[in-house]
Amino acid sequence: MKKILIAELKIFFWRTNYYYYVFFRKLDYAIMRILLYIKYLFLIILLYLSSSVSAEDKNKRENTSTDLLIISSYVSGAPWSQTIISHIMQKEYDRRNISMKVEYMNILTIETPEILRQYKENLFSTYGENPPKAVLMLGNAPLLLRDDMRKHWGDVSLIVCAESEYVGPDTTYIYNQIVPKQNRISLKDLREEYNMTFLQAHSFIPQNIQLIHRMLPGMKSLLLIGDQTDRDIDYDQQVREFIRTKYPDLSYKYLSAGSWSSDQLLDTLRQVSPKETGILFASWFHKRMFAGNMVLMANSYKVIANSSMPSPFFALSASLSSIEEDGNIIGGCVYDMDLYCEGIVKAIDAIVDGKQARGIALYDPKPVVIFNYPYMVDFGLLPENCPAGTIFLNAPPTFMQKYQSSIAVGGVSLLLIVLFFQLRRNKILERLQQVEQNQRFTHTKLAMALEVVDLLPWQWDLLTDEITYSSYTPIEPGKEAISEMTYSIGMQDYLTHICEEDRERLRQVFQDIRSNKIKELREEFRIHRHDAMEQDIDWMEARGFVEEYDDKGKPLMVVGSSLFITERKAAERELIAAKEHAEESNRLKSAFLANISHEIRTPLNAIIGFSSILTMTEDEEEKKEYVSIIEKNNGILLQLINDVLDLSKIEAGALDLHYSEFELNEILITLKEVIDSRLQDGVELIFEPGMHDNYLVFSDQNRLQQLVLNFLTNASKFTSSGSIRYGYEVREKDIYYYVTDTGTGIPEDKLHLIFERFIKLDSFKQGTGLGLPICQLIIQNMGGEIGVKSTLGKGSTFWFTLPLKLEQ
């Protein structure tokens, strides 16, 4: 009995602690937001005061140089650089003898050397008569200006705050490329030459990957969210190298703002498995055209970091002060940003006091693991899995710590209350269990019936903009049910699960319902399947109507159902494809009959016509000429019939192939005697054997002769001078046959038609237009390939390959 009472007391304490924690966490979040807004307001005022000076101060400074020029690689809203700038201005605000100015390179908008040159001209024209005493460079990109600074400003002190400990050629930053190892120049080697000190902003990539693997033991894939800056491109390379050496079985993908829109990124992240996918967040700068100018957007990461995601983000850089602010970013292995900024301030103070930058010690921050405790718990990560020394932000004190004395005083009375209510609780629980069992049984039967027909009932509350639906599995992975097999989802979150092609259409339909333009909906759309691969989708048909209105006739509640119609859509596509195939077959049949009737009629007309003329002439020379024409057209007609028979055999699958072993050179040389009589004057026929005279092959002798003879016949028609060369080359797995001529050639825009049926590029040349298509089909049946290379006016090369087979 004592053990039961102790257990019940523990449960009561745990629940009380949990409700306290939820209430005060929400209160703390509200206070945090208010303090954050006050902080931003203070920084804005501070920036304004630092940049606004009185007319008297301006007159005094017109004849003096700027003490500190800050050049950021990014835009004014970039979190990392803005945190440093704000920190410096807060520390140096009271030092009225230090004047500071800030310039932003917007490095992603510098896309050509010409734009970089214009930026340099603007910079040095602005500070030509007012050179700074020191320059603070935020990022590696400002190092592109180092030689010009030395040229215009002499031995000015440079304070470099950058992620990479090396610098590369200008083109790697302009074109967003990885700096090759052989082209990397260590910043330590430039220290003396350029009067420079260096504070490295470490990314701690190995430590972060190991941390994610520790927090997600079942991790199978890793995603890096970044952009096109040189920093994030270098991050991508480091991650790939580390995974290849330490975690070769881990799949990896880089989601870059250069090739992914924010919507595409959110759609992808919502499909990942929370327990199997780790996400590293670096930054999310992207370019956008605004009023005809290229603008660098820096605040999109806020949208991403605060979106409803199934998986947490691990911060790759201490620039993300949003570890305390944004819901998806729970922490990571970073450096202490405050200590880093203090190091920068100390370096500035030393230079103002007369010290050269090259004499200031380099700063290398140490890694520290930071987690925002409430966000980490919300994502189901266990604090006990964190490494020793982890710093937890916003960690709530335990119930015992806050109310230890109160518990000691009220323990006895609480125990009596628990004993009193325990008996009543048992009776109530028995009744509740019976009711719940009956409800669960009824609900389960209904859910099974809906599951069988793939029907999803839902209702949409327009006041809260939430959709409540019944299903075995939620649309959002890991979503907790509000009751048994009943879930809710916000309308905006639901729209992100709809494919982009249908999303705007559905958004407009829902808007029409809100504005009371329509009262019913019946729409078909595609939806991402959360438990499958990214490319898999389901078709869904949604029907609904407005069920409830307010006193003014404004819609309040829409009820309806969604039916999965993926199989029906697949059947529709198959029927459409079958219909199109039947129509295409009918069209091809008609076209074939029209072409073949035309081709038969042409030589037949010649035979009939000249046969009639032959009986009416007495001149022997004319008779011989007419007989020659008749014989020639007889040959064309016979060839056409043979081609049609061959074509029908091939398409019917009745092509006979008789393989045997024979001497290849002997077979190909015999073709030379056949073609010699067909050559035009001045054309030389050359055979180029690829092997010795007795070289044996195992193939279909007749079909091989037919293929080469067809190529040679075509070459003889279109070659009036020069030569025709034919031969073969024995390769590793096949034999390459070719026929090369110096004839008229084929126009480039006609090459793709050369193997089509009844295609004759020169209608005045003898032929049916079926020879090459038949050759193509024969070669495909023999397991080879066919092709042509041609230059208009210079000649052509027709080639084909056949597998190199051994005798069976």
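**Group meeting talk: a walk through the model**

Hi everyone, let's start with a pair in one helix: at 44% relative accessible area, E583 is partly exposed, where that label covers everything between buried (under 20%) and exposed (over 50%), using a 1.4 Å probe and protein chains only. Before going further, please note that this is a predicted model, where local features need pLDDT of at least 70 and side-chain atom pairs count only at pLDDT 80 or more, while totals for chains, interfaces and linings use all residues. Residues are numbered from 1 along each chain as its sequence is written, and side-chain values use heavy atoms, leaving out hydrogens and water.

Back to E583. Its salt-bridge partner is K579, and the closest N and O atoms are 2.7 Å apart. By salt bridge I mean a side-chain nitrogen of Lys or Arg within 4 Å of a carboxyl oxygen of Asp or Glu. The two residues sit 4 apart in helix α17, so about one helical turn separates them. K579 counts as exposed, at 52% relative accessibility. When I name helices and strands, these are DSSP runs numbered from the N terminus: H or I of at least four residues for helices, E of at least two for strands.

Helix α17 covers residues 566-614 and also holds N605. N605 is partly exposed, with a relative accessible area of 46%. N605 lies 28 residues from N633 in sequence, and their C-alpha atoms are 9.1 Å apart in space.

Now for the whole chain. How many helices and strands does the chain have? There are 21 helices and 29 strands. Of its 808 residues, 43% count as buried. Taking contacts between residues at least 6 apart in sequence, 68% join residues at least 24 apart; a contact here means heavy atoms within 4.5 Å. The chain exposes about 44100 Å², with carbon and sulfur atoms supplying 54% of that area. Those areas come from the Shrake-Rupley method with a 1.4 Å probe, and for residues only the protein chains shown count as cover.

Let's return to salt bridges, since the whole structure has 28 of them. One of them joins R503 to D267, with 2.8 Å between the closest N and O atoms. R503 is in helix α16 and D267 in helix α10 (residues 262-269), so this pair ties together parts 236 residues apart in sequence. Are these two residues buried or exposed? R503 is buried at 7% relative accessibility, and D267 is buried with a relative accessible area of 7%.

Helix α16 takes part in another bridge, where the side chains of R514 and D465 meet at 2.3 Å, N to O. R514 is in helix α16 and D465 in the loop between β17 and β18, so to speak two distant parts of the chain, 49 residues apart, are linked. R514 is partly exposed, with a relative accessible area of 26%. There is also a network of salt bridges linking R522, E524, E541, R543, R568, K569 and E572.

Next, the empty spaces. The structure holds 7 cavities of 30 Å³ or more. On a 1 Å grid over the protein atoms alone, a cavity is a set of points where a 1.4 Å probe fits but cannot get out, and lining residues have an atom within 4 Å of a point. The largest cavity contains about 160 Å³ of space; points are joined across faces, edges and corners, and the volume is the space filled by probe spheres set on them. Its lining has 17 residues, and W458, I467, Y494, F510 and S562 lie nearest the centre. Elements that each supply at least two lining residues include β17 (455-461), β18 (466-470) and α16 (500-514).

What classes of residue make up that lining? There are 16 nonpolar residues, 1 polar and no charged ones. Nonpolar means Ala, Val, Leu, Ile, Met, Phe, Trp, Tyr, Cys and Pro; charged means Asp, Glu, Lys and Arg; the others, Gly among them, are polar.

Two backbone spots next. N195 has a positive phi near 50° without being a glycine. N195 lies in the loop between α7 (191-194) and β7 (196-200), and is buried at 0% relative accessible area. F204, also not a glycine, has a positive phi of about 50°. F204 is in the loop between β7 and α8 (205-215) and is buried at 8% relative accessibility.

Last stop: helix α21, residues 771-781. Of its 11 residues 8 are buried, so the helix is largely enclosed by the rest of the structure. Among the buried ones are L772, P773 and C775. Just after α21, G783 takes a positive phi of about 85°. Thanks for listening!

Key:
1 Å grid on protein atoms, 1.4 Å probe; cavity = no way out; pocket = protein on both sides within 12 Å on 5 of 7 lines; lining within 4 Å.
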